[in-house]
Amino acid sequence: MTLIQITDRDGTRHDLDAPDGESLMAALRDAGLSVEGICGGNMACGTCHIHVLNATPGQLPPVSADEAALLADLPDVVPHSRLACQIPVGPVLAGLSILVAPDD
């Protein structure tokens, strides 16, 4: 389990003890934290769009061309936007802070 700090769409902060080995999208969805993951993590919907607030270099996997293409079509994208389905949960994420992107 890895502790990640989440701010949901309502502005409420949560400490999520996410299970290692699953995607961040699944952990957020299963915890009821405003992430739908409609496509099941296949980079087809963008409903797991998050803003990563404090990642250090190398902490997250690089953004793939497919992820970048989907993000380019979403509203409210910022330089630190990611798709939670592309981030595996593991100890390297301990202390990560994210904001669930607005649902537009």
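How many helices and strands does the chain have? There are 2 helices and 5 strands, and the model you are looking at is a predicted one. Following the sequence from start to end, you meet them in the pattern β-β-α-β-α-β-β. The radius of gyration is 12 Å, close to the 13 Å that the globule rule gives for 104 residues, so the chain is as compact as a globular protein of that length. If you like to picture a box, the C-alpha atoms fill one of roughly 30 × 30 × 25 Å along the principal axes.

**Inside the fold**

Of the 104 residues, 42% count as buried. The largest nonpolar core has 27 residues, and those with the most contacts inside it are I6, L24, L28, I50 and I98. At least two core residues come from each of β1 (2-7), β2 (13-18), α1 (24-30), β3 (49-52), α2 (65-72) and β5 (97-100). The largest share, 5 residues, belongs to α1.

I50 is a good place to start exploring. Setting aside neighbours within four places in sequence, I50 is in contact with a list of residues that includes L24, L28, I87 and I98. Among the other partners of I50 are H80, S81 and R82. For the chain as a whole, residues 24 or more positions apart account for 65% of the contacts with a separation of 6 or more.

**Stops in the loops**

Is Q59 buried or exposed? Q59 sits in the loop between β3 and α2. Its relative accessibility is 11%, and because buried means under 20%, Q59 counts as buried. Leaving out residues up to four places away in sequence, Q59 touches N54, V92, L93, A94 and L96.

Two other loop residues are worth a look for their backbone angles. S34 has a positive phi although it is not a glycine, and D76 likewise has a positive phi without being a glycine. Here they are side by side:

| Residue | Loop | Phi | Relative accessibility |
|---|---|---|---|
| S34 | between α1 and β3 | about 70° | 27%, partly exposed |
| D76 | between α2 and β4 (81-83) | about 60° | 32%, partly exposed |

**On the surface**

The chain exposes about 5200 Å², and carbon and sulfur atoms supply 52% of that area. As for charge, the chain carries 4 positive and 14 negative charges, and the mean positions of the two sets are 2 Å apart.

Notes:
Residues numbered from 1 in each chain as written. Predicted model: local features only at pLDDT ≥ 70, side-chain atom pairs only at ≥ 80, totals over all residues. Heavy atoms only, no water. Core = buried A, V, L, I, M, F, W, Y, C linked by side-chain atoms within 4.5 Å. Buried < 20%, exposed > 50% of the residue type's maximum accessible area, 1.4 Å probe, protein only. Helix = DSSP H or I, 4+ residues; strand = E, 2+ residues; numbered from the N terminus. Contact = heavy atoms within 4.5 Å. Rg over C-alpha atoms; globule rule 2.2 N^0.38 Å. Areas by Shrake-Rupley, 256 points an atom, 1.4 Å probe, with all protein chains shown as cover. Lys, Arg positive; Asp, Glu negative; His and termini not counted. Charge placed at Lys NZ, Arg CZ, Asp CG, Glu CD.
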